[in-house]
Amino acid sequence: MIMKKRLSLLLLAIVANMSVIFSQNVQSYQGTQTFNSMIGYIPGTEKYSYYVNDKGEKLKHGTYSFAGSDETRTNNAQLNGKYTLSATFAHGELNGSYVVSTTINGKTWSYARGWQSFSGSSKLSGVFSKGKPNGTFIASYNGNMKYSGSATLKNGKYVGAYKYSGPGHKSFWVMNGQLTADGKLTGNWRVENIVENRHTNYTFLNDVLIGDGSMTPQLQNIVKQYAEGCVKSVSELID
């Protein structure tokens with residue numbers, strides 16, 4: 001009991017000491033920065049807290065924010081964009097909430113259609129832990145076209161449920177599926193082509209496609225054995 005009490009007091013002392021150190025050394029910074037975003041290079045202002053460690057390294061620690069806007073004019077395009085980013089750092093690594101928002105509007109010109117206006121807004125939100133994506137990330141875009149998606153990441157690797165709804169090759173697609181705890185495709189994945197009103201079900205095992213509605217039972221059995229690790233290559237069974 002006495003040992004536990006001493007250990008608790010020691011931990012409290014360490015935490016208190018660290019708090020004093022950071023309160024003395026953490027500094028604030030505000031300055032201009034150019035961000036490479038999905039709508040191009042955006043000039044703006046960033047704000048963050050940091051401290052310099054014993055190696056002379058400048059490490060972000062605390063909240064971070066960036067806000068910028070840009071206006072582009074050419075003979076056949078006019079573009080206005082705004083970009084914001086908010087995040088949390090701990091000892092130089094992303095650690096906590098992460099949110100990116102973009103708004104864009106403008107118009108483009110072509111001989112076939114003349115001036116065409118467009119506008120939209122997007123958002124990406126998620127969580128980082130020790131510099132790696134670690135949690136559920138949600139993305140969305142609303143404008144002339146729309147998309148949305150969500151995925152769960154663990155230590156930077158996709159795991160669990162995966163969803164996507166948005167434009168793709170010559171169509172609008174909806175995709176739903178699952179990944180294992182070590183990031184491998186597993187179970188049933190449904191891919192829908194909304195424009196053509198059709199869908200395909202794919203079945204995966206350990207990242208290997210073992211069924212898509214067109215495989216023969218013999219071929220399914222072969223690839224399943226491969227996925228289960230019974231053989232090193234499919235050719236062993238085909239031969």
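# A walk through the model, from core to loops

Start in the middle. The largest nonpolar core has 16 residues, and you can find its best-connected members by selecting Phe35, Tyr64, Phe66, Tyr83, Leu85, Leu94 and Tyr98, which have the most contacts inside it. What you have on screen is a predicted model. Now colour strands S2, S3, S4 and S5: these are the elements that give two or more residues to this core. S4 gives the most, with four residues. As background, nonpolar side chains in soluble globular proteins tend to be buried together.

**Stop 1: the strands S4, S5 and S6**

Keep S4 (residues 77-90) selected and add S5 (residues 93-110). The two strands run antiparallel, and 13 bridges join them. To see one place where they face each other, pick Phe89 and look across to Leu94 in S5, which stands opposite. Leu94 should be familiar from the core, where it is among the residues with the most contacts.

Next, zoom in on the turn. S4 and S5 make a hairpin with two residues between them. One residue to click here is His91, in the loop between S4 and S5. His91 has a positive phi of about 55 degrees although it is not a glycine. Is His91 buried, partly exposed or exposed? With a relative accessible area of 38%, His91 is partly exposed.

Now follow S5 out of the other end, and add S6 (residues 114-129). S5 and S6 are antiparallel too, joined by 15 bridges. A hairpin of three residues takes you from S5 to S6. For a landmark along this pair, select Asn105 and find Ser119 opposite it in S6. While you are looking at strands, remember that in a regular strand the side chains alternate between the two faces of the sheet.

**Stop 2: the aromatic rings**

Show the Phe, Tyr and Trp side chains. How many aromatic pairs are there? The count comes to eleven. Begin with Tyr48 and Tyr64: their ring centres are 5.9 Å apart and their planes lie at 20 degrees, so this pair is stacked. Tyr48 sits in S2 (residues 40-52) and Tyr64 in S3 (residues 58-74), so the pair ties together parts that are 16 residues apart in sequence. Both partners are tucked away: Tyr48 is buried at 10% relative accessibility, and Tyr64 is buried at 8%.

For a contrast in geometry, move to Phe128 and Phe137. Their ring centres are 5.8 Å apart with planes at 80 degrees, so the pair is edge-to-face. Phe128 and Phe137 are buried.

Then go back and select Tyr29, Tyr48, Tyr50, Tyr64 and Phe89 together. Ring pairs link these five into a cluster. Two lysines are worth adding to the view. Lys58 lies over the face of Tyr50, at 4.4 Å from the ring centre. Lys60 lies over the face of Phe89, with 5.6 Å to the ring centre.

**Stop 3: two salt bridges**

Side chains of opposite charge can pair when their charged atoms come close. Here the count comes to two salt bridges. Select Glu192 and Arg190 for one of them, where the closest N and O atoms are 3.4 Å apart. Glu192 is partly exposed at 23% relative accessible area, and so is Arg190 at 29%.

The other bridge is between Glu196 and Arg198, with 2.6 Å between the closest N and O atoms. Glu196 is partly exposed at 48%, while Arg198, at 42%, is partly exposed as well.

Stay here and click Asn197, which lies in the loop between S12 (185-193) and S13 (198-205). Asn197 is another non-glycine with a positive phi, about 55 degrees. Which of buried, partly exposed or exposed fits Asn197? Asn197 is exposed, with a relative accessible area of 71%.

**Stop 4: helix H2**

Finish at helix H2, residues 217-227, and highlight its buried residues: Ile222, Val223 and Ala227. Turn the view to look down the helix axis: these residues fall within an arc of 135 degrees, so they line one face of H2. Now spin round to the face turned away from the buried side, where you will find the exposed residues Pro217 and Gln218. Last of all, step just past H2 to Gly229, which takes a positive phi of about 85 degrees.

Definitions and conventions. Residues are numbered from 1 along each chain as its sequence is written. This is a predicted model: local features need pLDDT of at least 70, side-chain atom pairs count only at pLDDT 80 or more; totals for chains, interfaces and linings use all residues. Side-chain values use heavy atoms; hydrogens and water are left out. A salt bridge is a side-chain nitrogen of Lys or Arg within 4 Å of a carboxyl oxygen of Asp or Glu. Buried means under 20% relative accessible area, exposed over 50%, partly exposed in between (1.4 Å probe, protein chains only). The arc is that of the directions from the helix axis to the C-beta atoms. Rings of Phe, Tyr and Trp (its six-membered ring) pair if their centres lie within 6.5 Å; planes under 30 degrees apart count as stacked, over 60 as edge-to-face and the rest as tilted. A charge sits over a ring if NZ of Lys or CZ of Arg is within 6 Å of the ring centre and within 35 degrees of the ring normal. Two strands pair if DSSP finds at least two bridges between them. A nonpolar core is a set of buried Ala, Val, Leu, Ile, Met, Phe, Trp, Tyr and Cys residues joined through side-chain atoms within 4.5 Å.
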